[in-house]
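Reader: I would like to learn how to read enclosed spaces, a buried side chain and a pair of strands in a model such as this one. Could you take me through them in turn?

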Amino acid sequence: MSSDLKFGVYTEMNCMAGVTSQEAVWDVVKLIEQSDRLGYDVYMTIEHHFYETFGMSSNPLAVFSAAAQRTENIRFRTLCHTLPLHNPLILAGEIATAEVLTNGRLDLGFGRGHSWLYPAAGLPYELSQPRYVEAMELVMKGLTEENFSHKGFEYDVENVNIWPKMVQKDIPVYLTGTSGKSFDVAAKNGWGISVGGPAPYPVFKDAIAQYRAGCAEHGNTAEVSYIQPVLIHEDENKAHEIAKTACEYFYHNIAKPINYLDQEGDRDRLIASGYGFYASNAMNDMLTLTYEQIVEGGLVWVGTPDQIRRRSEDFLSQEDLDEFAIQVLPRGEGGGLTFEQMQQTQELFATKVMPGLK
């Protein structure tokens with residue numbers, strides 16, 4: 001276990017039944033304020049569009065810019081900017097502005113995003129990889145170079161400057177996903193990776209190992225952040241009583257976008273575009289997960305602060321992390337948490353779990 005282990009909170013900004021989209025946005029701002037008071041190091045959210053139950057975090061930079069005015073120390077990280085959906089030259093300027101408004105408390109996170117975003121955005125899956133590779137290069141050039149030029153897959157520019165200029169000289173960068181191949185890029189560039197969330201640890205284990213090997217090969221220091229959904233209550237029976245509905249509610253709702261994909265008709269295209277995960281039944285199976293399957297599979301850790309601390313210690317003995325983050329289950333009618341229960345999990349982890357892990 002790292003002696004300087006950092007701690008964070010992650011959300012997909014789910015908007016469930018009985019919660020307006022406006023309330024869901026302000027919930028996250030309030031949870032960021034609480035996280036800052038409790039001493040968490042970083043707050044993370046995804047960039048996600050079109051499907052609100054998975055996540056309606058369509059402009060995380062705006063959320064972070066607002067939250068920065070209400071907080072003192074906590075850092076902010078988008079996991080991830082869905083690069084193929086953007087003009088990277090414009091996105092670089094938006095990132096730079098948010099970095100200034102957070103007073104240098106911003107990290108970068110890059111990824112291709114979920115496959116179901118592409119039909120909704122009117123883009124073919126086949127564009128995702130070449131656009132992603134070029135956008136990474138252009139965003140980093142824009143944030144770190146003066147009068148840069150570029151000739152690539154879609155963009156041909158000369159003597160371009162991105163404004164404003166950032167507060168940080170070197171902005172931290174993280175890649176996310178499940179592919180060891182994509183993490184080779186992070187290893188080569190000396191960037192971190194962030195994994196976990198709704199998917200279980202075995203999905204990422206080999207990719208983490210490949211990333212660590214790549215860092216060693218390129219002479220860079222590995223930086224691994226892991227996200228684990230948790231539900232914590234002082235009373236064990238009460239924890240399971242709440243989680244019994246909240247866990248199923250969470251997974252059944254976040255899996256809904258898979259119904260908008262033509263999995264059978266687009267199967268070959270999905271696989272050829274590196275989206276084979278979405279051609280499988282992995283997401284479909286989430287629609288029917290039972291509470292027992294969720295808990296026994298380690299998808300969500302449920303228990304008292306002491307139980308979660310011991311489980312965290314065991315996990316950290318297997319994987320030497322640099323950062324350990326929790327994901328709090330969402331609120332909503334029909335099975336979700338209350339806002340107070342969301343706050344309670346954040347508070348109990350910070351006050352009764354984190355101290356024992358430092």
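Reader: How many cavities of 30 Å³ or more does a search of the whole structure find?

Author: Bear in mind that this is a predicted model. A cavity is a space where a probe fits but cannot get out, and a search of the whole structure finds three of 30 Å³ or more. The largest cavity holds about 140 Å³ of space, while about 40 Å³ lies in the second largest.

Reader: Which residues lie nearest the centre of the largest cavity, and which elements supply its lining?

Author: Of the 16 residues that line the largest cavity, Thr11, Asn14, Val28, Pro330 and Met342 lie nearest its centre. At least two lining residues come from each of β1 (6-11), α1 (21-38) and α14 (339-357), and α1 gives the most, with four residues. Read by class, this lining has eleven nonpolar residues, three polar ones and two charged ones.

Reader: What lines the second largest cavity, and which helix gives the most to that lining?

Author: The lining consists of Leu83, Pro84, His86, Pro88, Arg131, Glu134, Ala135, Glu154 and Tyr155. Helix α5, which spans residues 128-144, gives the most, with three residues. By class, the lining of the second largest cavity has five nonpolar residues, one polar residue and three charged residues.

Reader: Turning to a single side chain, where is histidine 114 placed, and is histidine 114 buried or exposed?

Author: Burial is read from relative accessible area, with under 20% counting as buried. Histidine 114 lies in the loop between β5 (106-111) and α4 (117-121), and histidine 114 counts as buried because its relative accessibility is 18%.

Reader: With which residues is histidine 114 in contact, leaving aside neighbours within four places in sequence, and what polar contact does its side chain make?

Author: With those neighbours set aside, histidine 114 is in contact with Ile46, His48, Phe54, Tyr275 and Tyr278. The side chain of tyrosine 278 also makes a polar contact with the side chain of histidine 114, at 2.6 Å.

Reader: Finally, in which sense do β1 and β2 pair, and which way do the residues of β2 point?

Author: For a strand, one can ask about its pairing and then about its side chains. β1 and β2 pair in the parallel sense over four bridges, and threonine 11 has threonine 45 in β2 as its bridge partner. From strand β2 (residues 42-45), Val42 and Met44 point one way, whereas Tyr43 and Thr45 point the other way, and all are buried. Threonine 11 thus links two parts of our reading, since Thr11 is also among the residues nearest the centre of the largest cavity.

Notes
Residues are numbered from 1 along each chain as its sequence is written. This is a predicted model: local features need pLDDT of at least 70, side-chain atom pairs count only at pLDDT 80 or more; totals for chains, interfaces and linings use all residues. Side-chain values use heavy atoms; hydrogens and water are left out. On a 1 Å grid over the protein atoms alone, a cavity is a set of points where a 1.4 Å probe fits but cannot get out, and a pocket is an open set with protein on both sides within 12 Å along at least five of seven lines; lining residues have an atom within 4 Å of a point. Grid points are joined across faces, edges and corners, and a volume is the space filled by probe spheres set on the points. Ala, Val, Leu, Ile, Met, Phe, Trp, Tyr, Cys and Pro count as nonpolar, Asp, Glu, Lys and Arg as charged, and the others, Gly among them, as polar. Buried means under 20% relative accessible area, exposed over 50%, partly exposed in between (1.4 Å probe, protein chains only). A polar contact is a pair of N or O atoms within 3.5 Å; within protein, one must be able to donate a hydrogen and the other to accept it, and residues adjacent in sequence count only if both atoms are side-chain atoms. Contact means heavy atoms within 4.5 Å. Two strands pair if DSSP finds at least two bridges between them.
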